[in-house]
Structures are given as structure tokens and as C-alpha cells.
Amino acid sequence: MDQAQLTNFAKLVILAMVPYVLASQGTMLGGRTGIFNVAQEGIMLVGASVGFLAAYLSNSLLVGVLAATLVGGVFGLALAYFTTTLRMNQFVIGLALFFIGLALSTLLFKFAIGVTLRPPLVPTLPNIAIPGLAQIPFLGEVLFDQNWLVYFTFIVSAFLYYLLYQTSFGLELRAVGENPKAADSLGVNVTLLRYGTAIAGGMLMGIAGAYLPMVYTGTFTEGIVQGRGWLAIALTFFGGWRPDFIFLGALFFAGVEVLALRVQVIGSVVPYQILLMLPYIATILVMMPAFKGVRAPAFLGQNYDREKRTQV
Amino acid sequence: MALELTPDAPSGAATRFKQIADQLLPYLIAVVVAFIVIGLVIGLMGFDVLTAYRTILFTSFKSKNGFVQTLLKFVPLLLQALAFTVPLAAGKFNIGGEGQMLMGAIGAAIVGIIFADLPLLILLPLVLLASVLFGALWGAIPAWLLYQFNMNEILTTVLLNFISFSLVDYVAVELFRDPAAGHPTTVPIGAGGELPLLISSPPLHSGLILAILVAAAVYIYTNKTSAGYELVVTGANPRAAGVFGIPVRRLFFASLVIGGMLAGLSGGIEVAGSHHRLIEGMQSNYLLLGIIIGLIAKGNNLAVPFVAFFIAILEVGASAMQRTLLIPGEMVFIVEALILLFVLLSDVFKKR
């Protein structure tokens, strides 16, 4: 591999990171207040479908991204309402939202576009080189000559890190996921924080979905998300529910994805089916040690009832 | 964490009847509301709502063929739902029924093709056994990862689904490819591996009886035996169960393996009964429907077959609606998801 190939490979990895990072930061955000979202795959599908349709009909990718953000937020709101207000089982509601997202994504596309032989296309997101930074050899080209959602992902990750670990608001937020009763007794509004993080998390997942048609395919297909939503959950555990480690861990997930595609194109002695399995097998393997070492928020997946005397 | 299982409290006939009515009422309301919501959408899209309703609900009963189609859908749905509810009783979420089904189908196809010459009495049991074992293996991997590394089973079961898709492709393309088929498909299994037919035209295979027997066995296991009771107790409160000496972690393991066996069998029955070969994409969306069925039944294994039959009716109606009225079949999926949501909501409001 020469210099140009290496640069190209690194660039593709950064490009492939985005949906993982966004969906995973969204999962982390909700998880930090105890809401375990398992509807990523469905929300990303809806985000891809709505994002594509809005972009196609309005002729503006930005409108598409905003629409996907909105619909992702609505899913997050639904999750928060059913689990935090009605205190229903988080996994069951998450699965139900996953089903609805799955069905809705195809349904909306069929209603808006109908069945066509030639799929409608949106232009892919253009690269915007950042003046100055893009001139740095290698790193400049890899990191700072990308589309704006890549930069958005950098900024979101850095912002979340700052928010969680450098502000008192972040401390309150983390406290809710660790011990909501204690946080509540100190005057932290547990319900509000749970709603907020679930909605913001859903928004990030919606954007992660919209990214796929706008960068890879130019259109929506039923299999577009291809398990990335589920892998994002894995990444969240792998990254120890921390924005910084999630960002770094995504390098691995994206690297395996790009590598598997690469080897497929070049051709190898290994059957292509094995290469297709690679991301999933690699994920399970890296999770083995990660799960032993990592501590998830103590109240992950549990609802908080402030009128109850004891919390299990 | 766990869903509440409905207890079988023995009581007089009148109170028993009232109990059942009380439980059925929310279901009825859920179905009606879901249909009203979806009727509004269909109407707004400019389709004929009443014809759509009629197609969804009555296609199964209008012809012999429709009814057989419903029964054929019912079989994998029932087993998939049980593959979800058995681990659910222990508080574990098996989202890997799809992969386990495909592994079962792979096992059945491999045995059925390699030993194609064996007579029915030997080959058919071998084919079905292979499917159960392959499914069990695919359930045992997440079970082991949970036992050994405390790895979240939702995650691992889903990831294994994706691995199984590639395995099916490998078997159907590289190992036993049928060159005549355009789509990745294996050559047929031996005639001795085919499930005997109950009715020949339209063909209805005896997997139906097998599935019902298995469902009865599962119901007896979870609701009438002490081993099943330990499972339910574990799901209800793992910590308390542990205090009483129930090997909680081993039960988690066992429940996921049983789930794998049930899903694997559904794959074996599809191969031995319906397709007589392994076909890529044969898993359809049985996994999602199985989960919906299990959740609508609230994990009650007595209710699962009835819910599964109802969903089978909707599914057959959905494809008829798509064919004749050109309304996308996903519409019915929304109906099913709404029914689930309303059934769950009814619980919340009952508690208040």
C-alpha cells in the first residue's frame, strides 16, 4: 500500500465512522440517564427514509438532515414518554419502536415514490476542505477534507465530552444514570433529564440514518442500515459509555467495515461470505474483554419511580 | 425487568369466565383501535377502506387455499414466538430467532442432502434433529457469552443473525448450489427427509401437528413443572431466585438454548415441509412477527398459539391486499405494532 492508497483508506474509515459515532453517542446520552434505547436500527431506517425523501423533495440535503433529526427526536420522545412517564419496560418499548421504524421507513418511501425501476437519487454530500487545516500532510487530507457531517460528528463528540466531564450539568446527568434517587433528593429533575437525553439521542440516531443515503447510495433501500444500529449498541458498550472512547472505538468498527469491503473488491482466497461476517465476528470478539472491564451506568435500562420506597 | 406472567388461579367457572373476559377486553379494544387508525391512513391515501379491511381479515377464510396458507404461516410464527417467550420467562430477550432458524434450516438441508438416499423413517428424524441441534448451537453462543462475560444477549443474538445470513449464502452458493435456480438455493433434500403431507392439494405438511405438540410441551414445561416454575421465578426476580438456591445463571443459559432449539426446529420444518431445500431469504420476517406475538401474548405460552394464528391471518391478508389492492403490505406491520402498543398500554392503565 503506497501513500496515496493509505490516505484514501484512512479517509474512507473516517467517512464510515460517522453513523457509528452519531448513533452510539445518542445511545450513550440516553444511557447516562438510565434510558437504554434499543431502537437504533429502526430510528436509523426512518432517518434514512425521511432524510432522503425530504432532501429529494426539497432539493436540499440540509432540509433532509433536519427532517431526519426531527423524526429521530419524535422517536426519542416516544421512548421517554412510555418508559419515564408510563414506566413501561424499556426493552419492550424499544423493540416496538424498532418495528414501527422498520415498517414506517419502507411505507413512507413506497407512498412518496411508488415502485420505480430507476430509483430517485439525491446528490451526495460534497467535501468541504477547511482552509489551512486541510493543507497538513496526510492528517489534513484525511480529517479536514470531508463532508460537513463528518465535522459535525467531531464537534458533537468533543462537545459531549466537555458537557459530561467538565460541567456540573454533566455531573447531574451522570448522577441520574447512577443513582436517580440520590440525584432526585439533591433537586435534579430526573424526568426532565431523561426526556432531554432520550430526545437528543434519538435526534443523533436520525442524523446517523440520513447520512447513509446522502453519502453512500444516493437513495433509500430497505437494507441500507445493515445492522449498523445494532453495532452502535455494541460500540457504546465497547466505548465504556464515554464519548471519547466511543469516538476512538468507532475507528475500529469503521476500519473493519472498510477493510471487509476492500478485500472483497481486490479479491482473496477467503470466500466473500466470510468477509461479510467479519464485522459482526470482530465485534463479538472485542466485546469479550470489553464487557468484563467496562462498567455501564448502574441504572441502565431501569425506570425510576420516585414514589417507590426502594429501587431494585 | 420481566413481564408479568398471568397466573393460572383455579376458581369457579363464573369467576374464571369473568377473568378471561377481563383479559380479552383490552385485546379487543387494541385490535379495534389499531384498525381504526390504519383505516384512517388507508382512507386518506384514497383507497377503499372497507375492501381493505375485508381483505386483511377474511382472505384466510374465503378459500381452502387461503386457510392452508394461513396454517403454513402459523407454524413458523408459533415456533418463533415460543423461541422468544421461553427466554423471556427467564427475563432474557432472544432477538436471534432469525439466525437460529436459518442455522436449523442449514442443518436440515445439509443432513437431507448428504444422506439423501436414506428412507423416511430414518432421514426425517435426522433432518429435524439436525435442525434442533444447529439451532441449539446458535442459541448456545450468546448463552455462553452471557454466562462467561455477562455480555448483553440482545446484542449478541442480533449480531449472530447477521453472521447466519452469510452462512446461508455460503451453503447455498458454494457447497450445494442448485445451478438451475437463479436465486441462491441448494439442491433439494432426499425424498425421505420430507415431512408427510396432511392434505395434498393445496399441500399442507404435518409440521403443523409437530408445532402444536411442541407448543403444548412448552406450555406444560413453563406453567406446570417445577423446572419451568424456577425459570419464571428467575425472570420475575433473579436476586430472590438466587437466594432460594435456584441456579440463576445456568437457567439463563438453558432458556436461551431452548429458544435456539425452538427456532432451529422452525427452520427444519420449513426445509422438510415447505421448501425441501435451503433458500436464501426464507426467514422472511418471522423473527419480528414472533417477537410481536410473544409480546402481545405477554409471555403467556397458552395465549401464544392464538395470537400467532391471528397474526398469521393478518399476514396472509396483507399479502392479498398488496396483490389485489396495491396497498403496501407493511401497512399490516404497522397494525401489528399498534396492537402491541395498545395491549401494553392497557396494562399501564389497568394498574392505575
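Biologist: What makes Asp244(A) and Arg242(A) a salt bridge?

Modeller: In this predicted model, the closest N and O atoms of Asp244(A) and Arg242(A) are 2.9 Å apart. A salt bridge asks for a side-chain nitrogen of Lys or Arg within 4 Å of a carboxyl oxygen of Asp or Glu, so the pair of Asp244(A) and Arg242(A) qualifies.

Biologist: Why is Arg242(A) called partly exposed?

Modeller: Its relative accessibility is 24%. Buried means under 20% and exposed over 50%, so Arg242(A) falls in between.

Biologist: How many salt bridges are there over all chains?

Modeller: The structure holds seven. Another of them joins Arg87(A) and Asp305(A), with the closest N and O atoms 3.5 Å apart.

Biologist: What parts does the pair of Arg87(A) and Asp305(A) tie together?

Modeller: Arg87(A) sits in the loop between α3 and α4 of chain A, while Asp305(A) belongs to the segment after α12 of chain A, so the pair ties together parts that are 218 residues apart in sequence.

Biologist: Are Arg87(A) and Asp305(A) buried or exposed, and what values decide that?

Modeller: Arg87(A) has a relative accessible area of 37%, which makes it partly exposed. Asp305(A) is at 16%, and the limit for buried is under 20%, so Asp305(A) counts as buried.

Biologist: Let's turn to the two chains. How do you know that chain A and chain B touch?

Modeller: Contact means heavy atoms within 4.5 Å, and by that rule 42 residues of chain A are in contact with 43 residues of chain B. Between them the chains bury about 4000 Å², 84% of it on carbon and sulfur atoms.

Biologist: Which charged side chains pair across the interface of chain A and chain B?

Modeller: The rule finds one salt bridge there. Lys110(A) and Glu330(B) form it, at 3.1 Å from N to O. That value is within the 4 Å cut-off, so the name fits.

Biologist: Why does the pair of Lys110(A) and Glu330(B) join two chains?

Modeller: Lys110(A) lies in helix α4 of chain A and Glu330(B) in helix α13 of chain B, so each partner belongs to its own chain. At 23%, Lys110(A) counts as partly exposed, whereas Glu330(B), at 17%, counts as buried.

Biologist: What else is found across the interface of chain A and chain B?

Modeller: Four residue pairs are in polar contact, both residues being at pLDDT 80 or more. On the side of chain A that touches chain B, the elements giving two or more residues are α3, α4, α10 and α12. The largest share, 15 residues, comes from α4(A). By class, this side has 33 nonpolar, seven polar and two charged residues.

Biologist: Now for the interior. Which residues have the most contacts inside the largest nonpolar core?

Modeller: They are Phe99(A), Phe237(A), Phe93(B), Ile95(B) and Ile296(B), in a core of 218 residues. Helix α3 of chain B gives the most to this core, with 15 residues. Phe237(A) touches residues including Phe36(A), Met287(A) and Phe291(A), and also Asn152(B) and Leu155(B).

Biologist: Why is Thr234(B) called buried?

Modeller: Its relative accessible area is 0%, and buried means under 20%, so the label follows. Thr234(B) is in helix α8 of chain B, and among its contacts farther than four places along the sequence are Ala90(B), Ile246(B) and Phe252(B). The side chain of Thr234(B) also reaches the backbone oxygen of Glu230(B) at 2.7 Å.

Biologist: What makes the backbone at Lys298(B) worth a look?

Modeller: Lys298(B) has a positive phi of about 50 degrees although it is not a glycine. Its place is in the loop between α11 and α12 of chain B, and at 14% relative accessibility Lys298(B) counts as buried.

Biologist: Is Leu326(B) buried or exposed?

Modeller: Leu326(B) has a relative accessible area of 65%. Exposed means over 50%, so Leu326(B) is exposed. Its phi is near 60 degrees, a positive value in a residue other than glycine, and Leu326(B) lies in the loop between α12 and α13 of chain B.

Key
Residues are numbered from 1 along each chain as its sequence is written. Chains are lettered from A and ligands numbered from 1 in the order in which they are written. This is a predicted model: local features need pLDDT of at least 70, side-chain atom pairs count only at pLDDT 80 or more; totals for chains, interfaces and linings use all residues. Side-chain values use heavy atoms; hydrogens and water are left out. Buried area is the accessible area (1.4 Å probe) that two parts lose on being put together, summed over both. A polar contact is a pair of N or O atoms within 3.5 Å; within protein, one must be able to donate a hydrogen and the other to accept it, and residues adjacent in sequence count only if both atoms are side-chain atoms. Helices (H or I, at least four residues) and strands (E, at least two) are DSSP runs, numbered from the N terminus. Ala, Val, Leu, Ile, Met, Phe, Trp, Tyr, Cys and Pro count as nonpolar, Asp, Glu, Lys and Arg as charged, and the others, Gly among them, as polar. Buried means under 20% relative accessible area, exposed over 50%, partly exposed in between (1.4 Å probe, protein chains only). A nonpolar core is a set of buried Ala, Val, Leu, Ile, Met, Phe, Trp, Tyr and Cys residues joined through side-chain atoms within 4.5 Å.
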